[in-house]
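The exercises below ask you to read a structure step by step, with a worked solution after each task. Please keep the sequence and the 3D view open while you work.

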Amino acid sequence: MTDTKKHDLVRGNFSPEDALEIINHLIAEKINFHEMRSFSSKIRFGEVDQNSEVRIKELKQSKASINVLISNAKEQGKTLKIESTISVELI
């Protein structure tokens, strides 16, 4: 039996400036988490955490793609609807 809980992290309509700040902060925190994990692995075991290195690359690509979308919204004078839900499941 699994027990899953879902929680909204971000929900609403945002100006491009606010969207940029919110999303970049969330992604930066995740990148920092994985950089610290990889650094710790290098110090303790002499090698970087490969899973973290892959995830850092993915997050940076996502950030670049999202920043283009936000830039386009700003140029067009549009707002952005952001919905971010975290799902936590006991396994």
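Arg55 is partly exposed, with a relative accessible area of 32%, where buried means under 20% relative accessible area, exposed over 50% and partly exposed in between, for a 1.4 Å probe and protein chains only. The model is a predicted one, in which local features need pLDDT of at least 70 and side-chain atom pairs count only at pLDDT 80 or more, while totals for chains, interfaces and linings use all residues. Residues are numbered from 1 along each chain as its sequence is written, and side-chain values use heavy atoms, with hydrogens and water left out.

**Exercise 1. Salt bridges**

Task: find the salt-bridge partner of Arg55, and then describe the salt bridges of Lys74 and Arg11.

Solution. Begin with the criterion, by which a salt bridge is a side-chain nitrogen of Lys or Arg within 4 Å of a carboxyl oxygen of Asp or Glu. Side chains of opposite charge can pair when their charged atoms come close. A search of the whole structure finds five salt bridges.

Step 1: Arg55 pairs with Glu58, and their closest N and O atoms are 3.1 Å apart. Both residues, Arg55 and Glu58, lie in helix H2, three residues apart, which is about one turn of the helix; helices (H or I, at least four residues) and strands (E, at least two) are DSSP runs, numbered from the N terminus. Glu58 is partly exposed, with a relative accessible area of 35%.

Step 2: Lys74 and Glu17 meet through their side chains in a salt bridge of 3.7 Å, N to O. Lys74 lies in helix H2 and Glu17 in helix H1, so this pair ties together parts that are 57 residues apart in sequence. Lys74 counts as exposed, at 53% relative accessibility, whereas Glu17, at 41%, counts as partly exposed.

Step 3: Arg11 forms a salt bridge with Asp8, with 2.2 Å between the closest N and O atoms. Arg11 is exposed at 61% relative accessibility, and Asp8 is partly exposed at 45%.

**Exercise 2. The nonpolar core**

Task: which elements each supply at least two residues of the largest nonpolar core, and what does Leu80 touch?

Solution. A nonpolar core is a set of buried Ala, Val, Leu, Ile, Met, Phe, Trp, Tyr and Cys residues joined through side-chain atoms within 4.5 Å.

Step 1: the largest such core has twelve residues in all, among them Val10, Phe14, Ile23, Ile56, Leu80 and Ile82. At least two residues of this core come from each of strand E1 (3-14), helix H1 (16-45), helix H2 (50-75) and strand E2 (80-90).

Step 2: Leu80 is found in strand E2 and counts as buried at 12% relative accessibility. Contact means heavy atoms within 4.5 Å; not counting residues up to four places away in sequence, Leu80 touches several residues, including Phe14, Ala19, Ile70 and Ala73.

Step 3: turn to helix H1, where His34 lies and counts as buried, at 9% relative accessibility. Leaving aside neighbours within four places in sequence, His34 is in contact with Ser52, Arg55, Ile56 and Leu59.

**Exercise 3. Two asparagines**

Task: is Asn13 buried or exposed, and is Asn24 buried or exposed?

Solution. Step 1: Asn13, found in strand E1, is exposed, with a relative accessible area of 61%. Its contacts, leaving aside neighbours within four places in sequence, are Leu80 and Lys81. Asn13 and Ile82 are 69 residues apart in sequence, and their C-alpha atoms are 6.3 Å apart in space.

Step 2: Asn24 has its place in helix H1 and is buried, with a relative accessible area of 18%. Not counting residues up to four places away in sequence, Asn24 touches Lys63 and Asn67.

**Exercise 4. The contacts of Ile23**

Task: which residues is Ile23 in contact with, leaving aside its neighbours within four places in sequence?

Solution. Step 1: Ile23 is in contact with Ile66, Ile70 and Ile82 once those neighbours are left aside.

Step 2: compare this with the core, whose members include Ile23, Ile70 and Ile82. For Ile66, a further distance can be read, since its C-alpha atom and that of Leu80, 14 residues apart along the chain, are separated by 11 Å.
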